[in-house]
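Student: I have a structure to look at and would like to learn how to read it. Could we go through it together, one question at a time?

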Amino acid sequence: MRIGVIMKQIDYKALGARIREARKKNNITQEKLGEICSLSTAHIGHIERGTRIPSLETIVKISSELGVSTDYLLIDSAANTDNILYALSRQIEGKDETKIKSFISAVKALADNIDNL
């Protein structure tokens, strides 16, 4: 359980970059994504550049059409420790268990000595 509230700023440029990346991986143009989501091509461009703030409904539509989760789109858009830990866990997911254990041991050793760094 968390105590207190931490206000986080959303990095709309990071959000837009993830949308652009997912769109390109799916070989979908801004025009086609706009049609699917009932938005103009220009609006999609603004979202991808981070100059317009998409509504929650728009983020859900985009994630659905691009076959990615809203978590994927938003994960690096708000800076906090949980995001870093989540990103690390995704990086080691599916790796050799022995290597994962070694990695975790190294991270623990660093954490134990963080004040000495």
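Tutor: Gladly! Let's start at the beginning of helix α1, where Asp11 caps the N-terminal end. Keep in mind that this is a predicted model.

Student: Which backbone nitrogen does a side-chain oxygen of Asp11 lie 3.1 Å from?

Tutor: Asp11 acts as the cap at the N-terminal end of α1. A contact of this kind needs two N or O atoms within 3.5 Å. Here the separation is 3.1 Å, and the nitrogen belongs to Lys13.

Student: How many Å should helix α1 span?

Tutor: Helix α1 covers residues 12-25, which makes 14 residues. Counting 1.5 Å a residue gives the expected span, and the distance between the end C-alpha atoms agrees with it. Both values are 20 Å.

Student: Within what arc do the buried residues of α1 fall, seen down the axis?

Tutor: The buried residues of α1 are Leu15, Gly16, Arg18, Ile19, Ala22 and Arg23. An α-helix has 3.6 residues a turn, so residues three or four places apart point the same way. The buried residues of α1 line one face of the helix, because they fall within an arc of 160°.

Student: Which exposed residues does the face of α1 turned away from its buried side carry?

Tutor: The buried side of α1 is covered by elements that include α2, α3, α4 and α5. Turn to the face pointing away from that side, and you meet the exposed residues Lys13, Lys24 and Lys25.

Student: Which helices each supply at least two residues of the largest nonpolar core?

Tutor: In soluble globular proteins, nonpolar side chains tend to be buried together. The largest nonpolar core here has 13 residues, and Leu15, Ile19 and Leu73 are among those with the most contacts inside it. The helices that each supply at least two residues of this core are α1, α2, α3, α4 and α5.

Student: Is Ser63 buried or exposed?

Tutor: Ser63 sits in helix α4, and a polar atom of its side chain lies 2.9 Å from the backbone oxygen of Val60. Further along the sequence, Ser63 touches Val68, Ser69, Thr70 and Leu73. Its relative accessible area is 5%, and the cut-off is under 20%, so Ser63 is buried.

Student: Where is confidence lowest among the helices, and where is it highest?

Tutor: The protein averages a pLDDT of 85, and 85% of the residues score at least 70. Confidence is lowest in helix α6, at a mean of 71, and highest, at 97, in α3.

Note on methods: Residues are numbered from 1 along each chain as its sequence is written. This is a predicted model: local features need pLDDT of at least 70, side-chain atom pairs count only at pLDDT 80 or more; totals for chains, interfaces and linings use all residues. Side-chain values use heavy atoms; hydrogens and water are left out. Helices (H or I, at least four residues) and strands (E, at least two) are DSSP runs, numbered from the N terminus. The expected span of a helix is 1.5 Å times one less than its number of residues. Buried means under 20% relative accessible area, exposed over 50%, partly exposed in between (1.4 Å probe, protein chains only). The arc is that of the directions from the helix axis to the C-beta atoms. Contact means heavy atoms within 4.5 Å. A polar contact is a pair of N or O atoms within 3.5 Å; within protein, one must be able to donate a hydrogen and the other to accept it, and residues adjacent in sequence count only if both atoms are side-chain atoms. pLDDT is the predictor's confidence in each residue, from 0 to 100. A nonpolar core is a set of buried Ala, Val, Leu, Ile, Met, Phe, Trp, Tyr and Cys residues joined through side-chain atoms within 4.5 Å.
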